[in-house]
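Colleague: I have a model open and some labels on it puzzle me. Can you walk me through the reasoning behind them?

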Amino acid sequence: MRHQVLAGLWVLLVASTAAAAEFPEAELVDVRKIWDAAPHNAYTDLVRHNGRWLCVFREGAGHVSHDGSIRVIASNDGREWKSLAHLTAPDPALPDLRDPKISRTPDGRLMLVAGAANRKKGETKHRTLAWCSADGRTWGDATPIGEVNRWLWRVTWHDGAAYTVGYGREGAERTGRLYRSADGRTFTPLVPRLFEAGYPNEATLRFMPDDTCLCLLRRDGKPHTAQLGSAAPPYKEWAWKDLGVRVGGPNVIRLPDGRLVAVTRRYEGGARTSVQWLDAEQGTLTECLRLPSGGDTSYAGLVAREGLLWISYYSSHEGKTSIYLARVRLPAANAKAAAKAAADRPAAPPPPLTLTWKDGILTVHGNHLPGGKVDILYLEAYCRPNSHTTDWVEHTVIKHRAECVSASADGREIRLRDTLADGVVVDHVITAERDAVDFRVTARNPTDTPSDAHWAQPCIRVGTFTGCGPDDTDDKYAYIRRSFVFQQGRLQWMPTDDWATEARYTPGQVWAAPGVKAADVNPRPLNPHRPTCGLIGCRSGDGRLLLATAWHPYQELFQGVIRCLHSDFRIGGLAPGETKHIRGKLYIVPNDMDALVARYRKDFPEHAALHAACSNDQGPSLSPLP
């Protein structure tokens with residue numbers, strides 16, 4: 001018996017030693033109080049934006065009071081902090097702003113969400129509000145998001161969409177609900193009953209390299225142990241693991257080496273803000289550091305930077321409830337964790353794109369692009385209908401004047417305004433994304449005369465991109481052999497089947513969009529086939545990248561005569577006082593045609609019905625690259 005006991009103790013010792021190796025202790029590098037101006041300062045979040053730190057939190061008279069507001073403070077070094085903005089409740093019926101959470105949107109702006117609460121009598125007890133800002137100083141108007149009496153506690157962005165868990169407050173069923181939004185303003189339930197047992201509430205979502213989503217979920221009531229959920233796209237089927245401990249203010253971050261770190265309030269042995277290793281496979285939280293904290297505490301913001309974990313949090317352990325910033329050094333991953341992280345690590349994303357515009361040329365910059373850039377004549381022309389057989393100068397072109405309204409300092413956004421000779425005004429919002437450029441166009445006719453503005457031409461210069469620029473070859477049409485469209489239900493590389501050669505002006509090639517009259521398109525050779533997909537594009541000379549463009553609505557696809565490709569957007573004329581909205585994309589992505597087509601279909605769902613009549617299989621099929 002004695003030998004059995006000793007053997008059991010030895011097994012426990014070996015297991016605990018293995019666990020210590022797997023989940024090593026963390027080192028507190030330093031911690032400092034960064035704000036205590038209000039009577040009660042709490043509920044933080046942290047972000048790195050445009051080269052400086054931003055910390056957001058609630059100020060109020062107490063933990064529960066009717067005067068909650070949001071303070072935004074900024075620092076260049078994490079030591080000296082200054083107030084940047086102060087947001088107060090826009091609705092006096094919901095006077096208490098609580099738990100601000102901040103994130104970066106896909107277009108590089110900041111999005112702040114917070115709860116607006118009312119604990120007095122009244123039907124509406126809670127709304128979630130959102131604000132947006134380019135710099136953290138100037139914020140737009142508050143926008144209600146989600147549903148009344150449901151708190152959308154933290155928003156996480158993934159693949160261009162916003163996700164959040166909303167939980168029921170006073171007057172609503174106390175269940176968790178998963179929401180999704182394409183624009184950060186309209187959130188619709190994706191999973192109406194995400195989790196029900198106990199009282200599920202605060203939750204943080206994090207997306208893994210394989211697109212799996214993890215959900216770290218707080219529960220109160222009975223039972224009150226935290227939950228870890230996981231789901232694969234489209235995130236409708238969830239599996240849950242009970243973590244066995246009670247937490248508050250849950251936040252989690254994936255380190256560059258693939259390990260997961262959670263920072264939450266822990267209760268056993270006294271309330272504190274706790275740094276913990278999260279093992280998603282085993283469903284465990286293992287504490288590796290207790291931050292200086294106690295009493296009213298937790299609600300951390302997390303940023304991993306330069307080998308340290310930066311943690312904002314609040315605590316009352318020194319008397320007054322104040323905001324703190326800690327820097328924590330986490331030990332290097334052991335060999336097992338490092339190998340797993342290496343296997344999970346995705347390919348490095350391309351460097352971000354940036355934009356400039358000068359003298360009518362929109363330039364897309366990227367260090368990974370052939371030649372470092374792509375130029376677009378933006379816009380080449382606004383055009384009238386009945387142009388296919390008429391003179392380009394005398395009939396087709398409507399003269400216009402272009403001006404730059406604004407350009408962001410980081411090169412992410414440019415706003416242009418075109419004023420046409422007939423009085424039409426066209427505003428453009430052009431935004432650089434990670435591997436695309438987004439175009440939002442608003443055309444309006446402020447006059448009392450109908451406008452013939454029927455379509456417009458963004459002219460994308462692709463010679464250098466395809467390796468067929470003037471410095472590469474004297475053949476100015478060599479690039480078309482690396483260019484593609486979709487017709488007759490499949491991908492075709494140019495020159496395509498039934499290549500047209502006769503027109504008022506030659507050479508070149510035009511594909512009239514479904515529903516567009518042949519008489520209305522560019523006076524270049526008109527291909528007899530309609531496009532069966534709204535994409536036109538090319539591959540880079542080294543074969544690494546694809547460049548493609550699409551618009552909705554669009555007039556035509558066009559292969560031009562100055563080493564260029566077009567998707568020309570359609571206006572369709574404007575009645576007096578009429579306004580129309582158009583949108584487009586320029587994709588510059590890895591050479592994966594299936595992925596490109598899938599992304600296009602997601603961005604332009606209207607095109608499925610538009611092209612159905614022109615395709616044998618209701619969409620493009622893919623043929624091998626030459």
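Colleague: How many cavities of 30 Å³ or more does the structure hold?

Modeller: Just to be clear, this is a predicted model. It holds one cavity of 30 Å³ or more, and about 40 Å³ of space lies in the largest cavity.

Colleague: What makes that space a cavity, and which residues line the largest cavity?

Modeller: A cavity is a set of points where a 1.4 Å probe fits but cannot get out, so that is what earns the name. The lining of the largest cavity is made up of I376, F439, P458, I460, T549, W551 and L586. Strands β33 (455-461) and β38 (545-552) each supply at least two residues of that lining.

Colleague: What does L586 touch?

Modeller: Leaving out residues up to four places away in sequence, L586 touches V364, I376, D435, A436, V437, F439, I460, L547, A548 and T549. L586 is also listed with L362, V364, Y378, L547 and I588 as touching the most other members of the largest nonpolar core, which has 55 residues. Strand β27 (residues 373-383) gives the most to this core, with five residues. Apart from it lies another core, of 21 residues, including L46, W53, V303 and Y314.

Colleague: Now the rings. How many aromatic pairs turn up in the whole structure?

Modeller: A search finds 21 aromatic pairs.

Colleague: Why is the pair of W151 and Y167 called stacked?

Modeller: The centres of W151 and Y167 are 5.8 Å apart and the planes differ by 20 degrees. Pairing needs centres within 6.5 Å and stacking needs planes under 30 degrees apart, so the label holds. W151 belongs to strand β10 (residues 150-158) and Y167 to strand β11 (residues 161-168), 16 residues apart. Both W151 and Y167 are buried.

Colleague: And why is the pair of F207 and Y235 edge-to-face?

Modeller: The ring centres of F207 and Y235 lie 5.4 Å apart with planes at 80 degrees, and over 60 counts as edge-to-face, so that name fits. F207 sits in strand β14 (residues 199-207), while Y235 is in the loop between β16 (227-231) and β17 (239-242), 28 residues away. F207 and Y235 are both buried.

Colleague: How do you know that the charged end of R174 sits over the ring of Y199?

Modeller: That end of R174 is 4.3 Å from the centre of the Y199 ring. The distance limit is 6 Å, and the charge must also be within 35 degrees of the ring normal, so a charge listed as sitting over a ring passes both tests. Similarly, R327 lies over the face of W310, at 5.4 Å from the ring centre.

Notes: Residues numbered from 1 in each chain as written. Predicted model: local features only at pLDDT ≥ 70, side-chain atom pairs only at ≥ 80, totals over all residues. Heavy atoms only, no water. Phe/Tyr/Trp six-rings, centres within 6.5 Å; stacked < 30°, edge-to-face > 60°. Helix = DSSP H or I, 4+ residues; strand = E, 2+ residues; numbered from the N terminus. Buried < 20%, exposed > 50% of the residue type's maximum accessible area, 1.4 Å probe, protein only. Core = buried A, V, L, I, M, F, W, Y, C linked by side-chain atoms within 4.5 Å. Contact = heavy atoms within 4.5 Å. 1 Å grid on protein atoms, 1.4 Å probe; cavity = no way out; pocket = protein on both sides within 12 Å on 5 of 7 lines; lining within 4 Å. Points joined across faces, edges and corners; volume = space filled by probe spheres on them.
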